[in-house]
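User: I'm new to this structure and would like a close look at a single part. Could you walk me through one place where two helices meet, and what ties in around there?

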Amino acid sequence: MQTCKPVTTSTLRQMKTKKEQIAMLTAYDYPSAKLAEQAGVDMILVGDSLGMVVLGYDSTVSVTMDDMVHHTKAVTRAVTRAFVVADMPFLTCHGSVDQAIMHAGRLIQEGNAKAVKMEGGQEIVPIVKRCTLAGIPVMGHLGLTPQSVHQLGGYKVQGKDIESAKQLITDAKALEEAGAFAIVLECVPREVTAKVTEALEIPVIGIGAGADCDGQVLVFHDVLSYASNIQPKFAKSYANIGETIQTAIENYVNEVKAQHFPRPEHTFHASEETVTQLYGKEGQKC
Ligand code: KIV
């Protein structure tokens with residue numbers, strides 16, 4: 001049963017223990033976050049995927065910290081229950097620990113997020129430790145890490161051979177030991193996901209990682225077929241909102257051009273006195 005109590009990192013850990021699946025969805029603005037919260041999602045991710053689905057870039061690499069803060073603010077204004085996590089954009093957690101903590105702090109202080117998400121494994125452990133010590137919950141992100149798309153050579157399934165599968169497990173454990181409260185595992189074979197999930201006490205949230213994890217995350221626009229150019233194999237579309245919106249806008253355009261809109265019920269009128277002054281006693285009235 002859904003309660004109105006805000007979701008916390010302890011709630012998420014308890015859900016893993018009780019084997020209750022965690023439902024997470026991305027949202028990037030006030031209305032999408034409001035709908036997601038009302039629909040009962042446990043976690044909302046202000047993902048840097050907003051660069052692709054909202055801002056029209058061809059990867060997440062162009063997204064800036066200012067973009068993230070702006071969208072995180074809009075999302076958190078709409079949310080009271082769900083646990084809001086905001087993405088650390090490209091390069092913000094691969095410089096110095098001091099720089100990283102300043103960036104993470106902005107998402108919490110200005111954006112009002114409850115936690116930040118960082119792409120990377122063992123190499124980001126010092127940053128995860130420092131943020132956690134400073135009271136900033138960190139969610140890790142392993143497997144296909146879209147900010148490294150140029151190095152990975154495309155959006156490909158990760159952890160397919162034994163070395164890379166073992167590396168994923170090592171990285172996941174290192175993040176957990178550093179204090180991460182949860183991990184996103186993206187585009188990883190189901191069998192590898194199951195091993196990572198079993199190895200960790202913190203929740204593992206999958207995207208394209210099969211069913212053997214503690215929860216799922218999808219991108220808002222993929223779930224709704226909302227003007228997204230590609231439908232990844234792992235995503236399921238639950239509605240065709242893009243088509244509904246386009247048809248509605250076409251109807252509006254047609255009615256404007258045919259002068260069927262606005263109708264009398266959409267129209268304001270001046271008082272008779274004003275009309276007389278505007279047009280004269282015998283003047284033409286609309
Ligand atoms: O930015 C994003 O939406 C993400 C999800 C794909 C997990 O990182």
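**Where H6 meets H8**

Analyst: Let's start with the contact itself: from H6, Val-125, Val-128, Lys-129 and Thr-132 touch Ala-174, Leu-175 and Ala-178 of H8. Sorted by class, that makes five nonpolar residues, one polar and one charged. Keep in mind that this is a predicted model.

Now for how the helices sit. H6 covers residues 125-133 and H8 covers residues 162-178, and their axes come within 8 Å of each other, crossing at roughly 25 degrees. Angles under 35 degrees count as roughly parallel, so that's the label H6 and H8 get. As for handedness, H6 and H8 cross in a right-handed way.

H6 has another link worth a look. Arg-130 pairs up with Asp-98 in a salt bridge between their side chains, at 3.2 Å from N to O. This one ties together distant parts of the chain: Arg-130 belongs to helix H6, while Asp-98 sits in helix H5 (residues 97-109), 32 residues apart. Neither end is buried or fully out in the open: Asp-98 is partly exposed, with a relative accessible area of 46%, and Arg-130 is partly exposed too, at 36%.

That bridge belongs to a wider set, as the structure holds nine salt bridges. Another of them joins the side chains of Arg-106 and Glu-110, with N and O 2.8 Å apart. Here Arg-106 is partly exposed at 26% relative accessibility, and Glu-110 is partly exposed at 36%.

Definitions and conventions: Residues numbered from 1 in each chain as written. Predicted model: local features only at pLDDT ≥ 70, side-chain atom pairs only at ≥ 80, totals over all residues. Heavy atoms only, no water. Axes fitted to C-alpha atoms, helices over the stretch in contact; angles between N-to-C directions. Helix = DSSP H or I, 4+ residues; strand = E, 2+ residues; numbered from the N terminus. Parallel < 35°, antiparallel > 145°, perpendicular 65-115°, else oblique. Left-handed = near helix turned anticlockwise from the far one by under 90°. Contact = heavy atoms within 4.5 Å. Nonpolar A, V, L, I, M, F, W, Y, C, P; charged D, E, K, R; others polar. Salt bridge = Lys/Arg side-chain N within 4 Å of Asp/Glu carboxyl O. Buried < 20%, exposed > 50% of the residue type's maximum accessible area, 1.4 Å probe, protein only.
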